Amino acid sequence: MFGGLGMWEIMLIFLVVLLLFGAKRLPEIGSSLGKGIREFKSSIREIEGELKVPAEPPRVARAPEPPPAREQEGEGSDGEPRRLTTSQ
């Protein structure tokens, strides 16, 4: 998290910050730093949300369906030629 910083380096940095700003200002600095980080993250999420537009499914052009087959004269529904029957 801190890269190559060891325990003593972190304590030295904390001591210098404590001497510069004082014990009363450290909580204020910490809270304002936290608010700034939260605001930064929320703005990044907002920008990412604007950039990422949900992808629409690709539209596939479909060939038009052929019209239903009509029965031609002389053919029955089974495709066999119709026979004329004469009643006697």
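Leucine 15 is partly exposed in this predicted model: its relative accessible area of 43% falls between the 20% and 50% limits, so neither "buried" nor "exposed" fits. This leucine sits in helix α1, which covers residues 7–21, and it also helps make a nonpolar surface patch.

**The patch**
- Leu15 shares the patch with Leu12, Val16, Leu19, Leu20 and Phe21.
- Together these side chains make up about 630 Å² of nonpolar surface.

**Helix α1**
- With 15 residues at 1.5 Å a residue, α1 should span 21 Å, and its end C-alpha atoms are indeed 21 Å apart, so the two figures agree.
- Just past the end of α1 comes glycine 22, with a positive phi of about 90°.

**The chain as a whole**
- On the secondary-structure side, you get 2 helices and 0 strands.
- Burial is scarce here: just 1% of the 88 residues count as buried.
- The accessible surface adds up to about 9,400 Å² for the chain, and carbon and sulfur atoms account for 61% of that.

Key:
Residues numbered from 1 in each chain as written. Predicted model: local features only at pLDDT ≥ 70, side-chain atom pairs only at ≥ 80, totals over all residues. Heavy atoms only, no water. Patch = residues over 30% accessible without salt bridge, like charges linked within 9 Å, V, L, I, M, F, W, Y side chains within 5 Å. Areas by Shrake-Rupley, 256 points an atom, 1.4 Å probe, with all protein chains shown as cover. Salt bridge = Lys/Arg side-chain N within 4 Å of Asp/Glu carboxyl O. Helix = DSSP H or I, 4+ residues; strand = E, 2+ residues; numbered from the N terminus. Buried < 20%, exposed > 50% of the residue type's maximum accessible area, 1.4 Å probe, protein only. Expected span 1.5 Å × (residues − 1).
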